[in-house]
Amino acid sequence: MVSEATGGTASGETAAGRVVVQRGLFFDELEPGTVYAHRPGRTLTEADNVLFSTLTMNTQPLHLDAAYSAGQPYGRRLVNSMLTLAVMVGQSVSQLTQGTLVAQLGLTDIAFPHPLFHGDTLYSQTRVAAKRLSGSRPGQGIITLEHTGHNQDGTVVATFTRTALMWTSGGFPPAGNAG
């Protein structure tokens, strides 16, 4: 059984052998300037785009109407830019924030310099831009992450900055970890 004293983040022993619980990085493990390349990429399909757009009640015809989009500047439907953002954040979770995030504080400086189309593969990377310990929340720190997404050809399709509140390794509560 994994020891509760470790918050489920370290290895434990069982009758079957060693158990390692997957997690992101703690605040103190993140170093400004480090770039994390998130793999695998995610090929975004027509079904992904239509489902996301309709689930979020985004009726923009550029995402849903092939005939309309054919007469627009790109000549075809575009992947919903909010789907692009969501996938980019999602791609970073297992490597950076899974189980170590307290809260997402905000997104800024969002840009979409080139569209994604159905069948494009989205790759992303995250650069740790800055970090500081919280002055009001012991055992937690604030990180600033710069995310960049590109398609299979290397063309940048999205950039944004994300600020998040993270646990330090010493501040992580031993109980309440996701199982």
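The following exercises examine helix H4 and its surroundings in a predicted model.

Residues are numbered from 1 along each chain as its sequence is written. In this predicted model, local features need pLDDT of at least 70 and side-chain atom pairs count only at pLDDT 80 or more, while totals for chains, interfaces and linings use all residues; side-chain values use heavy atoms, without hydrogens and water.

**Exercise 1.** Determine the span of H4 and locate its kink.

*Solution.*
- Step 1. Helices (H or I, at least four residues) and strands (E, at least two) are DSSP runs, numbered from the N terminus.
- Step 2. H4 covers residues 81-97, which is 17 residues.
- Step 3. The expected span is 1.5 Å times one less than the number of residues. For H4 this gives 24 Å, and the reach from first C-alpha to last, 22 Å, is close to it.
- Step 4. A bend is the angle between axes fitted to the seven residues ending at a residue and the seven starting there. In H4 a kink of about 25 degrees is centred on Gln91.

**Exercise 2.** Describe what lies at the two ends of H4.

*Solution.*
- Step 1. At the N-terminal end, Asn80 acts as a cap: one of its side-chain oxygens is 2.9 Å from the backbone nitrogen of Met82.
- Step 2. Just after H4 comes Gly99, with a positive phi of about 80 degrees.

**Exercise 3.** Identify buried residues of H4 and the elements they pack against.

*Solution.*
- Step 1. Buried means under 20% relative accessible area, exposed over 50%, and partly exposed in between (1.4 Å probe, protein chains only).
- Step 2. The buried residues of H4 include Leu83, Val87, Gln91 and Leu96.
- Step 3. Contact means heavy atoms within 4.5 Å. Among the packing partners of the buried residues are helix H1 (46-55) and strand S5 (121-133).

**Exercise 4.** State how H1 and H4 are oriented and which residues meet.

*Solution.*
- Step 1. Axes are lines fitted to C-alpha atoms, for helices over the stretch in contact, and angles run from 0 to 180 degrees between N-to-C directions.
- Step 2. The axes of H1 and H4 come within 9 Å and cross at roughly 105 degrees.
- Step 3. H1 is therefore roughly perpendicular to H4, a class that spans 65 to 115 degrees (under 35 is roughly parallel, over 145 roughly antiparallel, the rest oblique).
- Step 4. Asp48, Asn49 and Phe52 of H1 meet Met82, Leu83 and Ala86 of H4.

Conventions: A polar contact is a pair of N or O atoms within 3.5 Å; within protein, one must be able to donate a hydrogen and the other to accept it, and residues adjacent in sequence count only if both atoms are side-chain atoms.
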